[in-house]
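Colleague: Could you take me through one part of this model in close detail? I would like to follow the last helix and whatever it is joined to.

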Amino acid sequence: MKGFWMVILFLGISTFSILSQTVVEPNQKFVWETFSFVFPEPVVVKLESTTNKKLTVYPAKRDGFFMVVRTLPWNEPLMDKFLWKESVFTRGIEPKEIQKTFGKLNFQVFLADQIRNQNALRNQVWISLDTKPALWIWIQWKSDRKDLTDFFESNLFLSL
């Protein structure tokens with residue numbers, strides 16, 4: 001019976017994530033894994049560490065955007081890239097796919113606008129397979145925030 005509880009305890013510890021949150025000021029470099037990010041306004045950064053590492057970013061003072069960054073546990077996605085696009089762009093308006101090179105890294109970028117809860121939203125998914133581990137970034141912001149459109153579409157959030 002004692003062995004049974006030890007197994008349950010071990011499984012419970014290995015499935016729970018370790019969470020931490022911090023506030024990052026505008027234009028302050030935030031380093032995560034081997035990547036460096038900069039944000040246009042004060043943000044709350046929530047780190048989650050399980051078998052896959054995850055970073056969630058959202059504004060500290062006002063609504064407008066969020067970002068999810070994950071490390072992928074494989075070198076190449078196991079699914080067709082069409083499924084990556086569909087997983088984020090539910091009923092996306094005019095989805096596009098482009099290649100971007102930033103520093104030494106190549107990114108596959110999926111772009112689409114969508115309407116959700118009566119808000120016009122812009123979406124981008126960045127996938128870099130050049131890095132070890134591979135990097136997946138999902139950014140969503142309100143279309144009426146022109147400052148965010150300029151910031152994210154100019155790649156200013158990545159500080160390599």
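Modeller: The account below begins with the whole chain and then turns to helix α3 and its surroundings.

The model is a predicted one, in which local features need pLDDT of at least 70 and side-chain atom pairs count only at pLDDT 80 or more, while totals for chains, interfaces and linings use all residues. Residues are numbered from 1 along each chain as its sequence is written, and side-chain values use heavy atoms, with hydrogens and water left out.

The chain has three helices and 10 strands, taken as DSSP runs numbered from the N terminus (helices H or I, at least four residues; strands E, at least two). From the N terminus, their order is α-β-β-β-β-β-β-α-β-β-β-β-α. Of the 160 residues, 41% count as buried; buried means under 20% relative accessible area, exposed over 50%, and partly exposed in between, with a 1.4 Å probe and protein chains only.

Helix α3 spans residues 146–153, and Leu148, Thr149, Phe151 and Phe152 are its buried residues. These residues lie on the same side of α3, because they cover an arc of only 165° around the axis, the arc being that of the directions from the helix axis to the C-beta atoms. On the other side of α3, Lys146 and Asp150 are exposed. An α-helix has 3.6 residues a turn, so residues three or four places apart point the same way. The cover over the buried residues of α3 includes β6 (65–72), β9 (119–128) and β10 (134–142).

Phe152 also belongs to the largest nonpolar core, a group of 28 residues in which Phe37, Phe39, Met67, Ile137, Phe152 and Phe157 touch the most other members. Such a core is a set of buried Ala, Val, Leu, Ile, Met, Phe, Trp, Tyr and Cys residues joined through side-chain atoms within 4.5 Å. Among the elements giving two or more residues to this core are β6, β10 and α3. Phe151 and Phe152 are also members of one aromatic cluster, together with Phe65, Phe107, Trp126, Trp141 and Phe157; rings of Phe, Tyr and Trp (its six-membered ring) pair if their centres lie within 6.5 Å.

Charged side chains provide further links. A salt bridge is a side-chain nitrogen of Lys or Arg within 4 Å of a carboxyl oxygen of Asp or Glu. Arg122 and Glu153 form one of these (3.1 Å, N to O), and the pair links strand β9 to helix α3, 31 residues apart. Arg122 is partly exposed, at 25% relative accessible area, and Glu153 is partly exposed at 32%. Glu41, Arg145 and Asp147 are linked in a network of salt bridges. Within this network, Glu41 meets Arg145 (2.6 Å, N to O). Glu41 lies in the loop between β3 and β4 and Arg145 in the loop between β10 and α3, so the pair ties together parts that are 104 residues apart in sequence. Arg145 also meets Asp147 (3.0 Å, N to O). Arg145 is buried at 9% relative accessibility, whereas Asp147 is partly exposed at 39%.

After α3 comes Asn155, with a positive phi near 65°. Asn155 counts as buried at 14% relative accessibility. Leaving aside residues up to four places away in sequence, Asn155 touches Lys100, Phe102 and Trp126, where contact means heavy atoms within 4.5 Å. The C-alpha atoms of Asn155 and Lys100 are separated by 9.5 Å, although the two are 55 residues apart along the chain.

Terms used:
Rings of Phe, Tyr and Trp (its six-membered ring) pair if their centres lie within 6.5 Å; planes under 30 degrees apart count as stacked, over 60 as edge-to-face and the rest as tilted.
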